[in-house]
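Here are some short exercises to work through with the model open beside you. Try each task before reading its solution.

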Amino acid sequence: MTSPAAVPKKDFRVPILGVVFIVLGFALLLDRLDVVMLRWGRVFWSVVTMYGGALVVLAFVNRNRRNLRWGNLLLFFGGCVALHQWHAIPREDFYIVPLLSVALGLSFFTSYLYEPRNFPLLIPAVVFVGFGTVFYLWWWEYLDWFDFRYYARTYWPLLLVTLGLAIALRRRT
């Protein structure tokens with residue numbers, strides 16, 4: 001009889017390409033039956049989103065960080081583009097740079113959630129999400145550019161204070 005320590009741990013693997021073909025086949029069948037009117041842009045970005053989500057889930061299930069960042073980027077970026085393609089985002093003003101910035105920031109944040117001891121991952125997460133959010137708030141006219149410039153010029157030293165506190169607290173623990 002083997003001891004529990006001698007039993008090798010089995011990785012949970014899902015054939016992602018198979019799942020993509022299943023979803024794509026169902027989508028094309030629904031298109032052929034005139035249940036859903038598909039455009040290839042919608043299908044492509046929906047598949048990209050599902051592939052990114054599958055990479056994220058597999059990274060957490062298998063405790064393998066290798067595909068986490070790319071999975072997050074595909075999930076968040078592809079998801080936002082897919083929502084725009086499906087007209088779920090009500091705005092027609094769609095800029096790729098702030099969207100990519102927010103997707104990168106969320107990717108870094110999810111990487112931090114995967115490994116909370118890696119505190120420096122929060123810095124690019126805040127920077128990227130902050131840039132994208134400020135850009136969208138300015139574009140949608142919730143934020144006046146001149147007010148933002150005033151606040152940024154006045155209060156930017158608080159970033160140095162926050163960074164210094166983070167470094168000081170990290171060294172103590």
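**Exercise 1.** Does leucine 106 count as buried, partly exposed or exposed, and why?

*Solution.* Start with the cut-offs: buried means under 20% relative accessible area, exposed over 50%, and partly exposed in between (1.4 Å probe, protein chains only). Leucine 106 has 29% relative accessibility, so it counts as partly exposed. Next, place the residue: leucine 106 is in helix H4 (residues 96-114); helices are DSSP runs of H or I, at least four residues, numbered from the N terminus. Finally, look at its surroundings. Beyond its neighbours within four places in sequence, leucine 106 is in contact (heavy atoms within 4.5 Å) with Phe76 and Val129.

A word on the source: this is a predicted model, where local features need pLDDT of at least 70, side-chain atom pairs count only at pLDDT 80 or more, and totals for chains, interfaces and linings use all residues. Residues are numbered from 1 along each chain as its sequence is written, and side-chain values use heavy atoms, with hydrogens and water left out.

**Exercise 2.** Check whether the length of helix H2 (residues 40-61) agrees with its expected span.

*Solution.* The expected span is 1.5 Å times one less than the number of residues. For the 22 residues of H2 that gives 32 Å, and the end C-alpha atoms are 31 Å apart, so the two agree. Among the buried residues of H2 are Val43, Val47 and Leu55. After H2 comes arginine 63, with a positive phi near 55°.

Conventions
Helix = DSSP H or I, 4+ residues; strand = E, 2+ residues; numbered from the N terminus.
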